[in-house]
Amino acid sequence: MNDYAGQHEVISENMTSLITGELTRYVQELKQERKSHFHDGRKAQQHIETCWKQLEASKRRFERDCKEADRAQQYFEKMDADINVTKADVEKARQQAQLRHQMAEDSKAEYSSTLQKFNSEQHDHYYTHIPNIFQKIQEMEERRIVRIGESMKTFAEVDRQVIPIIGKCLDEITKAAESIDHKNDSQLVIEAFKSGFEPPGDIDFEDFTQPMKRTVSESSLSNSRGDGKSEPKFGGKSKGKLWPFIKKNKLSLKLGAGPEDFSNLPPEQRRKKLQQKVDELNKDIQKEMDQRDALTKMKDVYIKNPQMGDAASVDHRLAELGQNIEKLRLEVQKFEGWLAEVEGRLPVRTEQARRQSGLYEAQNTSAVNSCAQDRESSPDGSYTEEQSQETEMKVPATDFDDEFDDEEPLPTIGTCKALYTFEGQNEGTISVAEGEMLYVIEEDKGDGWTRIRRNEDEEGYVPTSYVEVYLDKNAKASRFRSGSGVPA
């Protein structure tokens with residue numbers, strides 16, 4: 001299998017060097033060439049448009065001069081026919097008419113010349129320049145197609161070179177598969193993982209008619225609490241001797257490690273965890289820096305007083321501390337980035353909600369600790385839990401709570417319907433049943449959680465994908481009465 005994978009790596013390396021790299025450079029060359037051709041096309045188009053504008057201007061000028069010449073001729077004829085007009089005025093009108101006629105003739109000649117030039121430029125544009133540009137683009141595309149074909153041939157050659165070796169690898173894989181001995185493999189697994197349990201012996205008869213101390217057989221499977229010997233609660237040393245087919249404690253599964261960025265927690269709890277992690281890392285950095293400072297002072301003492309010790313002996317430890325500090329700083333940057341992301345999209349929560357979540361967290365922690373203390377170890381190594389007499393936890397009323405009793409809860413901005421059942425087991429979440437209708441008090445801020453309320457005392461976050469939200473636009477608009485975005 002390793003040789004088979006190695007041949008595919010050879011194919012990948014050859015394709016990277018002979019095909020991918022060459023095609024990447026060739027594509028850049030084509031982009032530059034294509035850009036040059038399109039630039040030439042735009043330049044030719046701008047030139048023909050300029051010629052057209054010149055033709056239009058010459059045409060309008062010729063038209064204007066002709067109209068003015070006609071008006072000047074009519075004015076001259078009118079003055080010549082009027083017997084009350086002096087001869088000087090008539091001569092002046094005649095000269096003005098001749099001047100206008102001359103200007104019209106000049107405009108006509110200019111318009112004719114410009115028209116001939118434009119027709120020539122237009123012919124060259126559509127029959128010479130543009131076809132040449134398109135021809136160059138077509139040739140460029142044809143070269144690209146030929147190059148792709150050459151790359152395909154190169155790939156076929158690269159693959160063909162390793163086919164014999166791949167065939168041998170496949171033959172060896174088939175031979176190895178045919179040589180599998182399932183009986184022997186099963187026996188090897190049994191020998192490696194056998195429990196070593198000895199079957200329990202017969203239970204001794206206990207004669208209650210005799211006035212003697214009751215005894216319990218050592219081979220009994222019952223919990224021997226009365227013999228004065230306390231068994232280890234967590235069965236750490238007898239981890240390998242668990243009775244088979246025993247279901248593990250569910251609580252131990254819930255306490256397992258989650259994602260490094262605590263993305264499985266609700267927003268507020270995730271922020272607390274990330275902040276706690278950042279504080280711990282900063283403390284570790286401070287400890288490492290204190291050690292480094294102490295070693296630096298020690299090295300200075302050794303340098304000044306060589307008889308007290310070798311200064312070079314602490315260099316290795318100083319380098320190790322420097323590396324540790326750098327690693328811890330990188331970890332701090334990573335967790336601070338996650339923390340900034342959470343704080344940037346964390347919904348604003350009221351003081352009362354934060355206070356309630358803090359009380360819940362403290363009670364939840366104490367409840368888990370009490371459960372852990374009540375656990376007893378069974379002879380098979382699994383855990384059992386004592387049933388507590390008090391199953392309900394009551395929040396003690398304090399003067400601090402009374403200060404916020406008059407705080408108004410967030411208004412509802414719509415309703416929602418639970419599409420699926422959600423068990424809210426983490427801090428700040430709420431459990432919902434499929435098909436249940438609830439009130440929405442805060443939209444999804446981009447973190448995938450929506451804040452809902454069942455009644456005046458029950459509210460929390462649920463995944464947005466678990467509910468179908470129906471927002472009330474009027475109610476939502478009434479929450480913001482000022483431009484600052486402060487809830488009404």
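## The largest cavity

Helix α2 provides the largest share of the lining of the largest cavity, namely three residues. Both α1 (2–81) and α2 (87–178) give at least two residues each to this lining. The residues concerned are Cys51, Gln54, Thr114, Lys117 and Phe118. Sorted by class, the lining has two nonpolar, two polar and one charged residues.

The model is a predicted one. A search of the whole structure for cavities of 30 Å³ or more returns one. The volume of the largest cavity is about 40 Å³.

## Overall make-up

The protein contains nine helices and seven strands. Of its 488 residues, 22% are buried. When contacts between residues at least 6 apart in sequence are taken, 68% of them join residues at least 24 apart.

## Contacts between α1 and the 104–114 stretch

Ser58 is located in helix α1. Ser58 counts as buried because its relative accessible area is 1%, and the cut-off for buried is under 20%. Leaving out residues up to four places away in sequence, Ser58 touches Glu110, Tyr111 and Thr114. Thr114 is also one of the residues that line the largest cavity.

Phe62 is likewise placed in helix α1. With residues up to four places away in sequence again left out, Phe62 touches Ala104, Ser107, Lys108 and Tyr111. For one of these pairs, Phe62 and Ser107, the C-alpha atoms are 4.7 Å apart, while the two residues are 45 apart in sequence. Tyr111 is thus in the contact list of Ser58 and in that of Phe62.

## Nonpolar cores

The largest nonpolar core is made of 13 residues, and those with the most contacts inside it are Cys416, Phe422, Val432, Leu438, Ile452 and Val462. Two or more residues of this core come from each of the elements β3 (414–418), β4 (437–442), β5 (449–453) and β6 (459–463). A second core, separate from this one, has ten residues, among them Val278, Ile285, Phe335 and Val342.

Which residues is Cys416 in contact with, leaving aside its neighbours within four places in sequence? The list consists of Glu436, Met437, Leu438, Val440, Ile452, Val467, Glu468, Val469 and Tyr470. Of these, Leu438 and Ile452 are also named with Cys416 among the residues with the most contacts inside the largest core.

## Cysteines

How many disulfides does the structure hold? The count is zero. A disulfide is a covalent bond between the sulfur atoms of two cysteines.

Is Cys169 buried or exposed? Cys169 is buried, because its relative accessible area is 10% and the limit for buried is under 20%. Cys66 has a relative accessibility of 25%, so Cys66 counts as partly exposed. Two further cysteines appear above: Cys51 in the lining of the largest cavity and Cys416 in the largest nonpolar core.

## Asp293 in α5

Helix α5 spans residues 267–304 and includes Asp293. At a relative accessible area of 39%, Asp293 is partly exposed, because this class lies between the under 20% limit for buried and the over 50% limit for exposed. Asp293 and Leu318 are 25 residues apart along the chain, and their C-alpha atoms are separated by 9.2 Å.

Conventions. Residues numbered from 1 in each chain as written. Predicted model: local features only at pLDDT ≥ 70, side-chain atom pairs only at ≥ 80, totals over all residues. Heavy atoms only, no water. Core = buried A, V, L, I, M, F, W, Y, C linked by side-chain atoms within 4.5 Å. Buried < 20%, exposed > 50% of the residue type's maximum accessible area, 1.4 Å probe, protein only. Helix = DSSP H or I, 4+ residues; strand = E, 2+ residues; numbered from the N terminus. Contact = heavy atoms within 4.5 Å. Disulfide = S-S within 2.5 Å. 1 Å grid on protein atoms, 1.4 Å probe; cavity = no way out; pocket = protein on both sides within 12 Å on 5 of 7 lines; lining within 4 Å. Points joined across faces, edges and corners; volume = space filled by probe spheres on them. Nonpolar A, V, L, I, M, F, W, Y, C, P; charged D, E, K, R; others polar.
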